[in-house]
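Colleague: Could you take a close look at one part of this model for me and walk me through how it fits with its surroundings? I would enjoy a connected account rather than a list.

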Amino acid sequence: MTKTFKRPDGRKPDELRPISAKVGVIPNADGSAMFSFGNTVAIAAVYGPKEHHPRNQRNSAKGTLRCNYNMLSFSVTDRIRPGPSRRSTEISKITEWALEPVVMIDNYPNRVIDVHIHILQADASTRCAGINAAIMALAHAGIPMKDLVSSVSIGKLDKQLVTDLTKKEEDWEEGEGATDIPITMTHEGKITHIQLDGKIGTKQLNEAVELAGKATKKIYEVQKKALKEVGGKE
Amino acid sequence: MIETSNLTGERIRQYLSDGKRFDGRKLDEFRDISIETGVSKNAEGSAKVKIGKTEVIVGVKMGVGEPYPDSPDKGNMMVTAELLPLSSPRFENGPPKFPAIELGRVIDRGIRESKFIDLDKLCIKKGEKVWTVFIDIYSLNDDGNLLDAAGIGAIAALKTAKMPKYDEKGEKVLYGEWTERKIPVSKETPVAVSIHKIGNNLIVDPTREEEDVSETRVTIGSSEGVISSMQKSGLKELSIEEFKNILDLVEKVERDLIKKIEHQIK
């Protein structure tokens with residue numbers, strides 16, 4: 001660890017950006033929420049459980065959680081073409097995997113719950129913000145669940161572990177460069193999602209997971225508070 | 001389950017013939033409009049517009065590309081619209097369907113034909129390099145009249161948009177860095193107003209239910225009393241008399257609408 005290490009925005013290594021959460025942002029939806037880490041803003045809306053079309057995708061053993069992650073074309077400095085991409089398709093699936101372990105989807109055989117996630121403004125950690133908004137929207141929609149999940153990106157900049165990466169940090173080039181580890185955990189501390197890009201030793205990876213545990217506890221409190229303020233949707 | 005029933009339609013028509021609407025508005029009255037600009041900081045310009053419960057977000061990005069052969073010294077503009085499934089149980093994922101395509105095209109013509117953007121000033125090198133203005137519209141909540149909301153959003157986003165920096169030697173845009181220069185737009189504020197015919201009545205700013213029972217819609221883009229674009233949609237015919245009434249109604253509501261927009265865009 002270098003003593004002179006400084007994050008570009010002056011945060012402490014384990015400090016999150018200011019986070020905010022709000023429930024009930026889309027009146028038409030059965031449940032909805034906004035979640036932001038600093039300049040990264042995600043909104044999510046839930047429709048369902050409802051009849052599952054097309055029919056051949058129905059699952060008679062349990063319901064289907066169908067997530068759709070998308071970045072608005074102008075959410076990043078270099079415009080992205082509207083519509084799905086390989087990246088957004090993968091993140092949509094990752095999001096389903098991150099959420100489903102806590103959602104009691106068995107209650108809804110043959111039915112589908114749609115979760116639509118859109119990134120309004122991006123400054124890295126967008127999938128984490130999306131997952132955080134999505135689980136709140138599901139809770140708001142009254143979908144029974146065993147626990148909430150909370151998601152955060154842990155980074156390694158050169159040799160230093162940090163919590164909640166910004167775009168500037170993601171593009172870190174000095175020393176060993178940047179390693180990006182988005183992690184989603186239940187409040188109980190179980191991992192429902194982890195990805196990694198970069199390079200890191202096992203010892204430090206274990207530390208990263210511990211760091212994620214601490215950060216997700218803080219995020220959980222913000223999510224819980226926002227949900228309590230609103231309660232379930234009528 | 002999500003269509004407006006015939007019975008509701010019947011009631012809407014009955015109310016309108018008495019000069020009333022479900023939400024207590026007059027026939028020529030808009031719902032509350034709120035405009036927030038600068039809502040997405042990586043965009044050159046952006047705006048969120050709410051009309052009642054209807055909400056859209058619009059962002060403006062700039063790119064550099066080749067000019068069209070018939071306008072070698074003019075910039076380009078492009079409008080896209082997506083009706084997000086997030087915004088209504090009626091919208092589905094997949095390639096854009098007609099309503100989204102029409103929305104984008106009507107807004108495109110409203111802006112293009114009013115000459116709101118000064119495309120002459122967006123030429124970098126004649127015949128080779130010009131700016132393209134991308135205007136992207138997304139619905140966030142559909143409770144009717146997305147079209148007028150999108151039009152207001154596009155204007156608000158453009159009016160507050162800044163030009164990105166451009167590296168002339170490297171011939172590329174320095175995304176994420178902005179100049180102090182605004183995108184060149186005219187002072188006049190063009191607006192698109194949609195008039196709907198329900199039974200024998202004409203209304204502005206329909207709610208979702210009202211839009212469902214609308215028989216025909218005429219959207220008129222104008223600025224300072226000069227009409228520059230128009231689109232009639234829907235199957236029902238209009239008499240000359242009705243058409244005149246539509247023009248009168250647009251004139252009546254337009255000034256107030258422009259005032260509201262200009263007041264809220266700083």
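Modeller: Happy to, and let me start from one side chain and work outwards to a strand. Leaving aside residues up to four places away in sequence, Leu138(A) touches Gly31(A), Val46(A), Leu99(A), Val103(A), Val115(A), Ile143(A) and Met145(A). Keep in mind that this is a predicted model.

Leu138(A) belongs to the largest nonpolar core, which has 135 residues, and is among the members that touch the most other members. Ala133(A), Ala134(A) and Ala137(A) share that position, and so do Ile137(B) and Ala150(B) from chain B. As background, nonpolar side chains in soluble globular proteins tend to be buried together.

One of the contacts of Leu138(A) is Gly31(A), and this brings us to the part I would like to look at closely, strand E2 of chain A, residues 31–37. Are its residues buried or exposed? In E2(A), 7 of the 7 residues are buried, so the strand is largely enclosed by the rest of the structure. For a step like this the cut-off matters: a residue counts as buried when 20 or more other C-beta atoms lie within 10 Å of its own. Both faces of the strand take part: Gly31(A), Ala33(A), Phe35(A) and Phe37(A) point one way from E2(A), while Ser32(A), Met34(A) and Ser36(A) point the other way, and all are buried.

Now for the neighbours of the strand. On E1(A), residues 19–23, the pairing with E2(A) is antiparallel and consists of 5 bridges; within E2(A), Ser36(A) has Ser20(A) opposite. E2(A) also pairs with E3(A), residues 40–51, in the antiparallel sense, this time over 7 bridges, and Phe35(A) stands opposite Ala42(A) there. The hairpin made by E2(A) and E3(A) has 2 residues between the strands, and Gly38(A) in this hairpin takes a positive phi near 50°.

Going one strand further, E3(A) pairs with E5(A), residues 111–121, over 9 bridges, again in the antiparallel sense. Val46(A) stands opposite Val115(A) in E5(A), and both of these valines are touched by Leu138(A).

Put together, 5 strands of chain A form an open sheet with mixed pairing, in the order E1-E2-E3-E5-E4. Its edge strands are E1 and E4 (64–71) of chain A, each pairing on one side only. Neighbouring strands are turned by 15° against each other on average, direction ignored.

What lies across this sheet? Helix H2 of chain A, residues 126–140, lies across E1, E2, E3, E4 and E5 of chain A and runs at about 150° to E2(A). Helix H1 of chain A, residues 86–99, lies across E4 and E5 of chain A, at about 135° to E4(A).

The sheet also leads us to the partner chain. The contact takes 22 residues from chain A and 28 residues from chain B. On the side of chain A that touches chain B, E3 and E5 of chain A are the elements that give two or more residues, and E5(A) gives the most, with 5 residues. That side of chain A divides into 10 nonpolar, 9 polar and 3 charged residues.

As for chain B itself, its secondary structure comes to 5 helices and 12 strands, and buried residues make up 44% of its 266 residues. Its radius of gyration is 19 Å, which agrees with the value near 18 Å for a compact globule with 266 residues.

Key
Residues numbered from 1 in each chain as written. Chains lettered and ligands numbered in written order. Predicted model: local features only at pLDDT ≥ 70, side-chain atom pairs only at ≥ 80, totals over all residues. Buried ≥ 20, exposed ≤ 12 C-beta atoms within 10 Å, placed from the backbone. Helix = DSSP H or I, 4+ residues; strand = E, 2+ residues; numbered from the N terminus. Pairing = 2+ DSSP bridges. Core = buried A, V, L, I, M, F, W, Y, C linked by C-beta atoms within 7 Å. Contact = placed C-beta atoms within 7 Å. Axes fitted to C-alpha atoms, helices over the stretch in contact; angles between N-to-C directions. Nonpolar A, V, L, I, M, F, W, Y, C, P; charged D, E, K, R; others polar. Rg over C-alpha atoms; globule rule 2.2 N^0.38 Å.
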